[in-house]
Amino acid sequence: MTSLNKLKKRARRRERKREHKRWVDRGWEDDHHILAKSRGGTKHPSNIIRMDRSRHEAFHFLFGNRTFLEAARVLVVLNDNHDQNLLSARR
Ligand SMILES: [Zn+2]
């Protein structure tokens, strides 16, 4: 590895540490796996999103190991069912 590449690598590592500190300072300290580890999700940064602890816990309490898209689908179905119940109650 050239010394320039080493310097770039060191700079990226320093920037990641600073970014991590900024997240922690904001209270966004949990790593959430977009695709859960139990479903084959990896530790790759493209599969990780930072969340504050209370929202992270609330998400898993409500949606288990679903992805954000699957959670959104659950909400759409619940909303459709709610609308149907309102319509049938009016008949
Ligand atoms: Zn999570």
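**Figure 1. Contacts and overall dimensions of the chain.** Among contacts in this predicted model between residues at least 6 apart in sequence, 32% join residues at least 24 apart. The C-alpha trace spans about 75 × 30 × 20 Å along its principal axes. The radius of gyration of the chain is 20 Å, whereas a compact globule of 91 residues would have a value near 12 Å. Buried residues account for 0% of the 91 residues.

**Figure 2. Order of elements and confidence of the prediction.** The chain holds 3 helices and 2 strands, which follow one another from the N terminus as α-β-β-α-α. The average pLDDT of the chain is 91, and 100% of the residues score at least 70. Confidence is lowest in helix α1 (residues 3-25), with a mean of 89, and highest in helix α2 (residues 53-63), with a mean of 94.

**Figure 3. Helix α1 and the glycine that follows.** The 23 residues of α1 should span 33 Å at 1.5 Å a residue, and the end C-alpha atoms of the helix are indeed 33 Å apart. Helix α1 lies largely in the open, because the number of buried residues among its 23 is 0. Just after α1, Gly27 adopts a positive phi of about 85°.

**Figure 4. Surroundings of Asp30 in strand β1.** Asp30 belongs to strand β1, which covers residues 30-33. This residue counts as partly exposed because it has 17 C-beta neighbours inside 10 Å, a count that falls short of the 20 required for a buried residue. Apart from residues up to four places away in sequence, Asp30 touches Met51, Asp52, Arg53 and His56. Arg55 stands 25 residues from Asp30 along the chain, and the C-alpha atoms of the two are separated by 9.6 Å.

**Figure 5. Arg55 in helix α2, and the end of that helix.** Arg55 is placed in helix α2. With 13 C-beta neighbours inside 10 Å, Arg55 is classed as partly exposed; the class of exposed residues ends at 12 such neighbours. Trp28 is 27 residues from Arg55 in sequence, yet the C-alpha to C-alpha distance between them is 9.5 Å. Helix α2 as a whole is hardly covered, with 0 buried residues among its 11. Just after α2, Gly64 takes a positive phi of about 60°.

**Figure 6. Ala71 in helix α3.** Ala71 lies in helix α3, which comprises residues 68-90. Ala71 counts as partly exposed because 14 C-beta neighbours fall inside 10 Å. With neighbours within four places in sequence set aside, Ala71 is in contact with Phe63 and Arg66. Phe59 is 12 residues from Ala71 in sequence and 8.9 Å away in space, C-alpha to C-alpha.

**Figure 7. Length and exposure of helix α3.** The 23 residues of α3 reach 33 Å from the first C-alpha to the last, close to the 33 Å expected at 1.5 Å a residue. None of these residues is buried: the number is 0 of 23, so helix α3 lies largely in the open.

Methods:
Residues numbered from 1 in each chain as written. Predicted model: local features only at pLDDT ≥ 70, side-chain atom pairs only at ≥ 80, totals over all residues. pLDDT = per-residue confidence, 0-100. Helix = DSSP H or I, 4+ residues; strand = E, 2+ residues; numbered from the N terminus. Contact = placed C-beta atoms within 7 Å. Expected span 1.5 Å × (residues − 1). Rg over C-alpha atoms; globule rule 2.2 N^0.38 Å.
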